[in-house]
Amino acid sequence: MNKPTEKGLAGAADTGRKTVTRKGGDLIAEFLVKEKIPYVFGICGHGNVGLLDPLYQVRDKVKLVSPRHEQTAAHMADGYFRVKHQPVATLTSTGPGSANIVMALAVAQTDSSALLAITANVPTSQFNRGPFQELNRHNQADFPNVIRPVVKRSFQPTRVDMLPLALRQAVTTMTSGRPGPVNVDIPFNLFQEEAEVPLEPAWDGFDKRRSGASPDDVRAVLDMLRAARRPVLFIGHGVTLSEAGKALTEFATRYRVPVISSPNGMGCLDMRDPLSLGFIGRNGAYPANQAGRNTDLIIAIGARFDDRSSSSWMPGYSWNIPASKLVHVDVDHAEIGRNYAPDLGILADARTFLRQLLAEAANRRIDGAAQFAAWHAEIAGWRAEWEKYVAPNFALHTTPIRPERIVADCRAVLPDDAIISLDSGIHHNWFMQFWEARRPQTMLNTWGYSGMGFGPSSILGAKLAAPDKPCVSICGDGGFTMVSHVLCTAVEYDIPAVWVVWNNFAWAAIRDLQYAYFDGREHGTAFYSGPERKPYNPDFAAWARAAGVEGLTVTKSQDFKGALEHAVKLGKPCLVDVHVDADVRPPGTGAWALPPIPHKEPIFGSKHVR
Ligand SMILES: Cc1ncc(C[n+]2csc(CCOP(=O)(O)OP(=O)(O)O)c2C)c(N)n1
Ligand SMILES: [Mg+2]
């Protein structure tokens with residue numbers, strides 16, 4: 001080990017670590033290599049130009065991809081992480097460039113997705129002088145205050161020798177416990193200035209530290225299961241993030257416990273399995289809501305009972321707590337009992353907990369098939385009622401196309417390992433209700449923050465993470481228009497993603513709320529042109545072709561399947577513009593409240609309290 005040099009810094013001397021003399025920019029580039037961060041999704045600016053050259057030096061190990069908007073860069077990083085569980089970085093410049101990632105970071109944070117957001121700031125020598133693009137009304141170089149609510153932590157090293165520690169702490173923070181985005185905000189001069197610095201060891205990454213439940217709690221959960229007659233597992237993103245699909249499937253199958261899933265947990269149990277009841281809430285599946293409101297024991301793992309998966313917490317619509325007993329397991333203490341006080345709260349990683357349950361249950365006699373037989377018979381009845389109600393619409397061919405047709409053809413065409421991303425909008429409600437995710441990490445949803453632009457952007461990151469799998473964004477016409485420049489990035493970087501634009505000439509999710517709650521009036525929620533207010537949209541397929549992407553328009557339902565098959569096989573970026581019937585709505589099976597407006601009752605099945 002090298003001795004700290006005379007010039008050595010206090011930090012170096014304290015840690016006794018090897019020191020090197022480096023420019024800040026080179027340190028950051030080396031750090032990205034050392035941490036095996038394979039991509040930087042970034043957009044240049046005067047503030048970060050000093051880092052571009054060091055990135056050039058490591059371009060074989062760390063690829064720079066520059067989309068046309070910073071929001072897309074962060075969604076791409078988010079999508080990459082969700083598919084591969086390996087974080088990548090974004091790079092944005094001082095001021096506006098970095099301000100453009102705020103929404104995308106909020107999406108990542110509320111959906112527990114890790115990414116390293118490197119932002120640049122003004123030189124330290126100019127702090128508080130009001131240089132170009134400094135925010136300083138409250139504090140010098142104040143971007144960390146802008147970004148603070150949407151990241152797990154923001155670091156602002158102000159000297160080169162502060163970089164190694166800040167960077168190590170940043171990666172440790174973003175991938176420990178509940179993952180999330182982390183920011184390192186770096187004043188411009190640090191890229192160019194040189195210092196002697198102590199080297200930090202590499203962080204050994206995501207997914208290593210997995211605390212479990214206490215043995216007493218594991219036993220207590222199994223005692224509760226033994227006493228139950230109508231149990232359900234409710235799973236969320238925590239199960240996906242801890243890669244607990246196998247343990248979940250084993251536990252559910254062995255003990256015959258039905259599984260209700262929030263969108264980001266979908267696919268941990270193959271949703272074609274009869275034990276999978278689907279999503280719960282207003283646009284959930286009827287068997288899930290029925291089971292949720294009639295269960296006597298909920299074992300919730302890595303799920304947070306947000307308003308959309310709990311019918312806005314109104315008793316008897318999706319859940320019926322405290323009449324039902326609740327075990328709430330999460331890696332984040334802040335989620336345990338946020339909305340429902342649990343009978344037993346357990347701070348634990350999903351996979352560790354499920355493995356503990358499996359190990360302990362093996363020592364006991366639990367015969368789920370016998371114990372829960374009546375429950376399964378009831379569930380089978382609800383499933384049959386639901387299937388009878390929805391199945392006919394899945395078989396219809398219509399013009400404009402019924403939404404069910406799109407779901408059905410996606411199911412038929414896409415292989416089990418295909419990755420789909422959804423955006424915010426009514427198209428998402430249809431997929432929440434009817435998509436059958438078959439594998440974990442294959443359905444990307446903007447769930448917590450529901451930011452439009454996530455779906456069409458994140459699919460680029462998904463495709464980079466999984467180049468051998470079909471990656472299809474199903475997005476609204478409104479949401480696609482917000483980030484239509486994704487087409488350019490697909491061409492520039494040869495990313496063969498597919499966009500299915502769900503074209504209903506409206507911000508239909510919001511238009512439908514207007515129709516439902518404001519006497520059928522529509523104002524500001526649909527797209528028109530001309531004095532006659534004809535429905536308007538650009539010709540998306542022509543728009544795609546103008547960008548160098550293959551573009552198809554589908555107006556007849558018979559044509560969609562073939563168009564999707566073609567797009568998926570093409571091996572080049574492709575957009576399919578599908579004209580969808582804007583007046584068919586997903587059947588509400590739970591409720592959602594916008595207080596103080598009175599909520600709507602479910603249209604299929606009614607609230608039922610045992
Ligand atoms: C960035 C952003 N702006 C606004 C909203 C509010 N919002 C939610 S859904 C929606 C309409 C979506 O329209 P479109 O993309 O066409 O999808 P559709 O509902 O028609 O399927 C809007 C405006 C949002 N979630 N995100
Ligand atoms: Mg729309």
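This report describes the overall fold of a predicted model and the surroundings of its bound ligand.

## Overall architecture

The protein contains 24 helices and 22 strands. Along the principal axes, its C-alpha atoms occupy a box of roughly 80 × 70 × 45 Å.

A compact globule of 610 residues would be expected to have a radius of gyration near 25 Å; the protein has 25 Å, and therefore agrees with that expectation.

## The site of ligand 1

Ligand 1 takes up the space of the largest pocket. The ligand is surrounded by 18 residues, of which I426, S450, D477, G478 and G479 come nearest. Sorted by class, this shell comprises nine nonpolar, eight polar and one charged residues.

Three helices each provide at least two residues of the shell: α18 (426-434), α20 (477-482) and α22 (508-517). The largest contribution is that of α20, with four residues.

## Polar contacts and coverage

Both backbone and side-chain atoms of the protein approach ligand 1. On the backbone side, a polar atom of M452 is 3.2 Å from a nitrogen atom of the ligand, and a backbone N or O atom of A508 lies 3.0 Å from a ligand oxygen atom. From a side chain, an N or O atom of N504 is 3.0 Å from an oxygen atom of ligand 1.

On its own, ligand 1 has 580 Å² of accessible area, and the protein covers 79% of it.

Key:
Residues numbered from 1 in each chain as written. Chains lettered and ligands numbered in written order. Heavy atoms only, no water. Near = heavy atom within 4 Å. Polar contact = N/O pair within 3.5 Å; in protein donor to acceptor, adjacent residues only side chain to side chain. Areas by Shrake-Rupley, 256 points an atom, 1.4 Å probe, with all protein chains shown as cover. 1 Å grid on protein atoms, 1.4 Å probe; cavity = no way out; pocket = protein on both sides within 12 Å on 5 of 7 lines; lining within 4 Å. Sits in = over half its atoms within 2 Å of the grid points. Nonpolar A, V, L, I, M, F, W, Y, C, P; charged D, E, K, R; others polar. Rg over C-alpha atoms; globule rule 2.2 N^0.38 Å.
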